[in-house]
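Trainee: I'd like to learn how to read helix packing. Can we work through an example together?

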Amino acid sequence: MTPEQRTHDELLRQAFRHNEPQPGAEPTVGALDLAERNSFRSVTGATELRSEEQADGYEVEYRKLRIEQVLLVGAWTEGTVAEIEASMWELAALAKTAGAEVLDMLYQKRDKPDPGTYIGSGKVAELRDIAQATGADTVIFDGELSPSQMIALEEALKIKVIDRTMLILDIFAQHAKSREGKAQVSLAQMEYLYSRTRGWGGNLSRQAGGRAGSNGGVGLRGPGETRIEADRRRLRTEMAKLRHQLRDMTTAREVKRAQRQRSTIPKIAIAGYTNAGKSSLINAMTGAGVLVEDALFATLDPSTRRAKLADGRNVVLTDTVGFVRHLPTQLVEAFKSTLEEVSGADLLLHVVDGSDAFPLKQIEAVNEVLAEVTRDSGEDMPPEIVVVNKIDEADPLVLAELRHAFEKTGRTAVFVSALTGEGIEELEVRIEQHLNSIDAHVTMVVPYTRGDVVSRVHDEGTVRSEEYEEAGTRIDVRLPRVLAEQYAEFVVG
């Protein structure tokens with residue numbers, strides 16, 4: 001054990017001893033409850049996290065150039081120990097995706113976060129000692145800090161403090177590739193920072209006015225713009241420019257969406273929790289080669305691919321940005337135009353990570369965002385098929401819990417592994433069944449002079465039978481209703 005680790009462990013022991021009763025005194029229930037509530041707890045396995053990351057020599061050399069060493073801090077206000085630790089591990093995955101090395105993960109049981117410092121002044125002092133002992137550069141809080149909380153924490157800890165929202169915004173900024181995606185992320189960051197703009201030093205937040213001897217004295221009195229006001233003015237200007245750019249981009253996207261709407265090819269949107277395997281599912285169904293990475297928010301820019309089902313029908317699959325618990329409001333607003341692809345789809349594939357410890361929590365988080373998007377767009381949610389992915393890695397007990405939950409609510413669910421291909425065929429059958437239920441089943445007699453109609457019917461419909469008669473080609477087919485209405489003159493019987 002290194003001296004730094006011994007110092008860290010000693011600090012943790014001191015934190016636990018802080019609330020112990022005096023020797024010889026019988027501990028009361030209240031004293032035990034208080035000690036339990038106030039103590040910092042280290043997440044199970046967190047101490048091994050750093051040593052595992054340092055196992056690869058190349059990785060160690062690489063991290064020396066780019067890495068920030070961070071402490072993760074959370075407040076346990078509800079749920080079980082397993083749930084708070086799962087939330088902390090998710091925060092660790094977010095930090096790793098952002099390019100940070102997690103030194104330790106700590107959480108404290110509280111009724112609600114402290115309004116002044118999130119964890120209370122006593123725990124801030126303990127956290128400062130832990131940060132100094134471990135050499136941490138940054139502390140990341142598993143929640144959204146108010147401007148006053150952030151200022152108080154940075155002044156007390158003397159190192160950088162960020163919250164979950166800032167961390168997610170940073171990841172989005174790193175992963176956005178398209179011009180629109182970058183503009184959306186920049187707008188979200190500016191909206192978040194606008195209320196948190198402050199001067200980094202006393203002289204930056206003072207006006208050049210007042211009595212002689214203050215702020216410069218003679219020649220420097222009078223009204224002046226503070227540094228904060230200047231920063232906020234620049235932010236407002238930049239946000240106005242970005243909104244104007246996004247409106248121009250929206251016009252182009254709406255033209256493309258209108259073209260897809262006029263098309264009779266069924267549109268399927270894929271949504272779900274980040275890293276649930278949405279891009280892998282598209283690759284398994286289409287072989288498209290969409291970017292797949294074991295990282296949170298690897299896909300930010302929507303990608304559309306065409307696939308052919310087993311019955312020969314063509315469909316269009318659209319991959320959307322992933323969600324996460326407590327997704328920042330600014331990001332939901334910024335990416336709302338992208339997420340509108342969901343409300344315009346004929347079918348929604350809701351992908352769930354079956355290997356997660358709490359997949360039902362993932363489903364709840366995704367449903368909250370989708371409900372907000374569809375409510376604002378004024379359109380109804382499309383029919384949904386829940387796709388439980390990664391069953392090759394999942395706990396059988398968790399899968400059994402999911403099956404029971406879906407049977408109880410009557411939701412359609414398919415269990416697949418995009419990696420091994422298990423269940424993909426069943427998923428395609430379910431998609432075919434749904435599309436058949438919304439199609440029109442008609443019999444057509446198409447003159448031999450209209451080979452273009454026969455060709456399009458084969459491309460966009462499901463041909464059940466085909467015969468050649470004197471009057472033309474008799475086709476028993478399932479067609480999109482728009483196409484059936486368009487070719488109503490050929491429909492017989």
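Mentor: We'll take two helix pairs, then an annotated site. This is a predicted model, where local features need pLDDT of at least 70, side-chain atom pairs count only at pLDDT 80 or more, and totals for chains, interfaces and linings use all residues. Residues are numbered from 1 along each chain as its sequence is written, and side-chain values use heavy atoms, with hydrogens and water left out.

Trainee: How are H5 and H8 oriented to each other?

Mentor: Two packed helices are described by the angle between their axes and the distance between the axes. Here, helix H5 (residues 81-98) packs on helix H8 (residues 164-175) at about 40 degrees, axes 9 Å apart. H5 and H8 are therefore oblique (neither under 35 degrees, nor over 145, nor 65 to 115).

Trainee: Which residues make the contact of H5 with H8?

Mentor: Among them are Leu91 and Leu94 of H5 and Leu167 and Ile171 of H8; contact means heavy atoms within 4.5 Å.

Trainee: And what is the angle between H11 and H16?

Mentor: The axes of H11 and helix H16 (residues 424-438) cross at roughly 85 degrees and come within 11 Å. That makes H11 roughly perpendicular to H16. Leu281, Ala284 and Met285 in H11 meet Ile424, Leu427, Glu428 and Ile431 in H16.

Trainee: Is Ser279 buried or exposed?

Mentor: Buried means under 20% relative accessible area, exposed over 50%, partly exposed in between (1.4 Å probe, protein chains only). Ser279 has 8%, so it is buried. Ser279 sits in helix H11 (residues 278-286), and the unreviewed UniProt entry places a "binding site" at Ser279 and Thr299, though annotations may be inferred rather than shown by experiment.

Conventions. Helix = DSSP H or I, 4+ residues; strand = E, 2+ residues; numbered from the N terminus. Axes fitted to C-alpha atoms, helices over the stretch in contact; angles between N-to-C directions.
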